[in-house]
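Welcome to this short tour! Open your viewer, get ready to select residues, and follow along one stop at a time.

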Amino acid sequence: MLQTCVKGFEKLIETFTVVCLMLLVVLVALQVVFRFAGFSAPWTEEIARFLYVYVTFFGSIVVFNKGGHIVIDFLLTRLPMKIRNIVEISINILLASFLMLIIIGSKSTLEVNQVVTAASLRWFKMNYLYGGVLVASIIMLIYPITNIWRLILGNDQKTLQDKE
């Protein structure tokens, strides 16, 4: 049951990221067409920039899930398993710490920018953008915490980042 919910949530994040990427491509193409026609639509550029942030952060969740981030494991694979686990735990602690910094920073940014709106889109509060960063970072934090937990318990199962 839990595994089904997790897979459904992962699919939802993946679908959201793909939709944002498709909208980004459409808006950039629309901007090119508008400029070619001699018409300027600044809102297309601004929404495209916001979508780019969403694609970056929510896409990182998808990559975390699939274990697709760049890893240089030349030395790591040659270490004895016990030392390798210590190094992997250390890496995941560093990663979790970095994500916590992003969470703290985006939370304080949300508090400061409660009334700030986008330049060409007065209805779009900047908190919608910073909130996406906060939510994506919290979701990403689940992966290194889960990896640390599994490495400490010594489970033979692959970590979330290693699954294919």
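Which backbone oxygen lies 3.5 Å from a polar atom of the side chain of Thr17? Select Thr17 and look for the backbone oxygen of Phe58.

Before going further, a few ground rules. This is a predicted model, in which local features need pLDDT of at least 70 and side-chain atom pairs count only at pLDDT 80 or more, while totals for chains, interfaces and linings use all residues. Residues are numbered from 1 along each chain as its sequence is written, and side-chain values use heavy atoms, with hydrogens and water left out.

**Stop 1: around Thr17**

Colour helix α1, residues 2-36, and you will find Thr17 in it. (Helices are DSSP runs of H or I with at least four residues, numbered from the N terminus.) Thr17 counts as buried because its relative accessibility is 11%; buried means under 20% relative accessible area, with a 1.4 Å probe and protein chains only. Now show what touches Thr17, leaving aside neighbours within four places in sequence: Val55, Phe58, Gly59 and Val62 are in contact with Thr17, where contact means heavy atoms within 4.5 Å.

**Stop 2: α1 beside α2**

Next, add helix α2, residues 42-66. The axes of α1 and α2 come within 8 Å and cross at roughly 150°. (Axes are lines fitted to C-alpha atoms, for helices over the stretch in contact, and angles run from 0 to 180 degrees between N-to-C directions.) That makes α1 roughly antiparallel to α2, a label for angles over 145 degrees. The residues of this contact divide into 20 nonpolar, five polar and four charged. Here Ala, Val, Leu, Ile, Met, Phe, Trp, Tyr, Cys and Pro count as nonpolar, Asp, Glu, Lys and Arg as charged, and the others, Gly among them, as polar.

**Stop 3: α2 beside α4**

Keep α2 and select helix α4, residues 126-153. Their axes come within 9 Å and cross at roughly 10°, so α2 and α4 are roughly parallel, the word for angles under 35 degrees. Try showing side chains: Phe50, Tyr54 and Phe57 are among the α2 residues that meet α4, whose side includes Leu129, Val133 and Tyr143. This contact has 16 nonpolar, four polar and no charged residues.

**Stop 4: Gly131 and α3**

Staying in α4, click on Gly131. Gly131 counts as buried, at 18% relative accessibility. Then pick Ser106: Gly131 and Ser106 are 25 residues apart in sequence and 7.4 Å apart in space, C-alpha to C-alpha. Finally, show helix α3, residues 81-112, whose axis comes within 8 Å of that of α4 and crosses it at roughly 160°. α3 and α4 are therefore roughly antiparallel.

Note on methods
Helix = DSSP H or I, 4+ residues; strand = E, 2+ residues; numbered from the N terminus. Buried < 20%, exposed > 50% of the residue type's maximum accessible area, 1.4 Å probe, protein only. Polar contact = N/O pair within 3.5 Å; in protein donor to acceptor, adjacent residues only side chain to side chain. Parallel < 35°, antiparallel > 145°, perpendicular 65-115°, else oblique.
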